[in-house]
Amino acid sequence: TAIDGDPDTVTINTGSDDTGYGLFNIGFNFTYNGVVYTQVGIQANGMVGMGIVPSNTYPQATAFGSNNIVCGFNRDLYGLAGNGAKMMYLTSGVAGSRVFTAEWKNWGHWSSGLAEINFQIQLFEGSNNIQTVYAPGTISTSVTGTVGLRGASASDVNVRTTTTNWLATTSGLNTDQCTYNASVFPASGTTFTWTPPSVCTGTPTAGSIPATITACGNTPQTINITGYTTGATGITFAWEESDDN
């Protein structure tokens with residue numbers, strides 16, 4: 001559902017190339033990669049940066065990009081006002097379950113700026129889930145773009161990739177992207193969801209790990225960790241060859 005027309009939607013621009021904007025208030029605390037953020041930057045090249053305005057690099061998941069970013073469809077994009085382009089954001093919902101949505105409407109690719117793609121990046125309060133949602137436009141160009149997350153470095157990524165089917169993407173490396181053309185495109189409403197792991201609760205029982213486990217005769221051994229050892233550094237594992245080889 002497009003946010004264009006909602007009375008609370010903020011229009012950033014009606015056409016842009018390689019430009020970053022912000023910082024903008026999310027409207028709630030959002031935890032990304034273990035850090036709490038209250039503001040984001042939004043880039044014309046299809047991404048949201050946590051506490052930063054992302055650089056105009058593409059693809060952002062490689063070594064030259066900004067850290068801690070969400071890519072809806074990151075490539076050399078170009079929104080043209082004459083084709084109905086808009087970049088917008090909106091915080092909606094009630095406290096405790098609000099959603100921050102950044103939207104690229106009727107957005108195009110350099111250098112035509114045709115209205116070829118629509119997509120959103122959504123941040124969810126409480127769950128800290130992230131969604132990217134898509135609706136194709138009038139597609140005339142074959143391109144590829146980064147879809148997914150980058151953390152603290154170029155090696156800390158969680159991206160999707162496909163050359164044939166957006167409903168059958170696979171996990172990719174930091175150089176992998178999704179093909180987008182008249183034959184390979186996301187059906188309207190296609191959504192990717194990234195859910196962070198649950199936060200640990202309660203206090204585990206200490207002392208449940210034996211000091212030594214012996215493995216002889218090439219027999220695999222399983223260590224079941226149900227507690228933790230005391231100390232500032234937590235648990236340390238060591239592998240040592242015996243005196244008799």
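**Strand 4, its partners and the nonpolar core**

Glycine 41 stands opposite glycine 49 in strand 4. This pairing is a convenient place to enter the structure, which is a predicted model. Strand 4 covers residues 47–50, and its antiparallel pairing with strand 3, residues 35–43, runs over four bridges. The two strands form a hairpin, with three residues between strand 3 and strand 4. In the turn of this hairpin sits glycine 46, whose phi is positive, at about 90 degrees.

Strand 4 also pairs with strand 5, residues 69–74. Here again the arrangement is antiparallel, and three bridges join the two strands. Glycine 49 takes part in this picture too, standing opposite isoleucine 69 in strand 5. As for the side-to-side pattern of strand 4, Met47 and Gly49 point one way, while Val48 and Met50 point the other way. All four of these residues are buried.

Met50 leads on to the interior of the model, as it belongs to the largest nonpolar core, a set of 38 residues. The members that touch the most other members are Ile42, Met50, Phe73, Phe100, Trp104, Leu123 and Trp166. Strand 2, residues 20–32, supplies the largest share of this core, with five residues. In soluble globular proteins, nonpolar side chains tend to be buried together.

Phenylalanine 100 deserves a look of its own. Residues up to four places away in sequence aside, phenylalanine 100 touches Asn25, Ile26 and Phe28, together with Val40 and Ile42. Its contacts further include Tyr89, Leu90 and Thr91, and also Ile121, Gln122 and Leu123.

Another buried site is found in strand 10, residues 130–136, where threonine 132 lies. With a relative accessible area of 0%, threonine 132 counts as buried because this value is under 20%. Its side chain makes a polar contact of 3.1 Å with the side chain of tyrosine 134. When neighbours within four places in sequence are left aside, threonine 132 is in contact with Val70, Cys71 and Gly72, with Gln120 and Ile121, and with Val147. The list is completed by Thr190, Thr191, Phe192 and Trp194.

Cysteine 71, one of the contacts of threonine 132, is itself buried, since its relative accessibility is 2%. Cysteine 178 is buried as well, with a relative accessible area of 0%. Are there disulfides, and how many does a search of the whole structure find? The search finds zero disulfides.

Methods. Residues numbered from 1 in each chain as written. Predicted model: local features only at pLDDT ≥ 70, side-chain atom pairs only at ≥ 80, totals over all residues. Heavy atoms only, no water. Disulfide = S-S within 2.5 Å. Buried < 20%, exposed > 50% of the residue type's maximum accessible area, 1.4 Å probe, protein only. Pairing = 2+ DSSP bridges. Core = buried A, V, L, I, M, F, W, Y, C linked by side-chain atoms within 4.5 Å. Contact = heavy atoms within 4.5 Å. Polar contact = N/O pair within 3.5 Å; in protein donor to acceptor, adjacent residues only side chain to side chain.
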